[in-house]
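Got the model open in your viewer? Here's a walk through it, one selection at a time.

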Amino acid sequence: MQRSFTDQLNRTITINYPPKRIISLVPSQTELLFELGLDKEVIGITKFCIHPEKQFKEKTKIGGTKKLNMELIRSLKPDLIIGNKEENERGQIEALMAEFPVWMSDIYDLEGAKRTITEIGALVDREPESAYLNHLITAGFNDLQTLALQNGLDKSVAYLIWKGPYLFAGRNTFINQMLAMNGLNNVVKENRYPEMDLETLAALNPDLVFLSSEPYPFKEKHLEEISLALPNAKVMLVDGEMFSWYGSRLVKAVEYLFHLQKELY
């Protein structure tokens, strides 16, 4: 049968329900689909959709999140494509929208992430599974906030996502809320992902500087460089998936952030 759904760009799509040939264009949403119990229904993923490992090895790769192989996607004849406003390139998405049902998410905070899990669960006929995931996520993040308050965790932080130039996670980002919910105050006041040199950052005097593992793969060798420029800050490598993946990985993020909080008390 056919059913209509409204995506987070306020577009209505009509699909054959439940969908049997799904292409996912975003790593965190790909992982969510498998966590909800889909497998054979997912026929195409990006080269960055590395979780779960088994499915990553088995599934057809349709390019990167911002550089899709359009002809390969067309050849797979999907009955549903799932993307994200920030992760995917607008021109390619609009081209796909002209040919296929494309459902888009647009996420800036934890409530938006949970809403997306609910809506994708409905989209793929996995509503009980999505409700259970949201239950775990809600309970976990409530506990994290409580722990941060109980332990008086209140530190300033800069979250670095790119080098050459240096780019930071600013306000109006999912990362910013992940920081705030764990007693960490972002020193970057600009929206989205502003560029900033280390001299300017040093003037903001953050207690902490987090070097994310993605999208730029910061490593141990970068710690010394940043530490020299900010001698008063504690510079740390952090797992970017735990701060920026907004699907089922949020369940794993709770444990990771719990241990991070303990390290920062």
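Start in a loop: select asparagine 172, between strand S9 (167–168) and H7 (helices, H or I of at least four residues, and strands, E of at least two, are DSSP runs numbered from the N terminus). Its phi is near 60°, a positive value in a residue other than glycine. Asparagine 172 is partly exposed, with a relative accessible area of 41% (buried is under 20%, exposed over 50%, partly exposed in between, with a 1.4 Å probe and protein chains only).

Before going on, a word on ground rules. This is a predicted model, where local features need pLDDT of at least 70 and side-chain atom pairs count only at pLDDT 80 or more, while totals for chains, interfaces and linings use all residues. Residues are numbered from 1 along each chain as its sequence is written, and side-chain values use heavy atoms, with hydrogens and water left out.

Next, pick asparagine 205, in the loop between helix H8 (198–204) and S11. Phi of asparagine 205 is near 55°, again positive in a residue other than glycine, and at 46% relative accessibility it counts as partly exposed. Most residues other than glycine have a negative phi, and most peptide bonds are trans.

On that second point, where are the cis bonds to look at? One runs from histidine 51 to proline 52, with omega near -10°; proline 52 is in the loop between strand S4 (42–45) and H2. Another joins glutamate 214 to proline 215, with omega near 0°, and proline 215 lies in the loop between strand S11 (208–212) and helix H9 (220–229).

Stay with that pair, because Glu214 and Pro215 are among the residues nearest the centre of the largest pocket, along with Glu87, Ser244 and Trp245. A pocket here is an open set of points on a 1 Å grid over the protein atoms alone, where a 1.4 Å probe fits, with protein on both sides within 12 Å along at least five of seven lines; lining residues have an atom within 4 Å of a point. The volume is about 990 Å³, taken as the space filled by probe spheres set on the points, which are joined across faces, edges and corners. Colour the 36 lining residues by type and you get 17 nonpolar, 9 polar and 10 charged. For that split, Ala, Val, Leu, Ile, Met, Phe, Trp, Tyr, Cys and Pro are nonpolar, Asp, Glu, Lys and Arg charged, and the others, Gly among them, polar. Strand S8 gives the largest share of the lining, 3 residues.

Helix H1 (27–35) supplies at least two lining residues, so show it whole. Of its 9 residues, 8 are buried, among them Gln29, Leu32 and Phe34. Just after H1, glycine 37 takes a positive phi of about 105°.

Now select asparagine 182, in the loop between H7 and strand S10 (184–186). Is asparagine 182 buried or exposed? At 2% relative accessibility, asparagine 182 is buried. Its side chain reaches the backbone oxygen of methionine 178 at 2.8 Å.

Last stop: phenylalanine 141, one of the residues with the most contacts inside the largest nonpolar core, which has 54 residues. Such a core is a set of buried Ala, Val, Leu, Ile, Met, Phe, Trp, Tyr and Cys residues joined through side-chain atoms within 4.5 Å. Apart from that one lies another core, of 18 residues, including Phe218 and Val235.

Technical notes. Polar contact = N/O pair within 3.5 Å; in protein donor to acceptor, adjacent residues only side chain to side chain.
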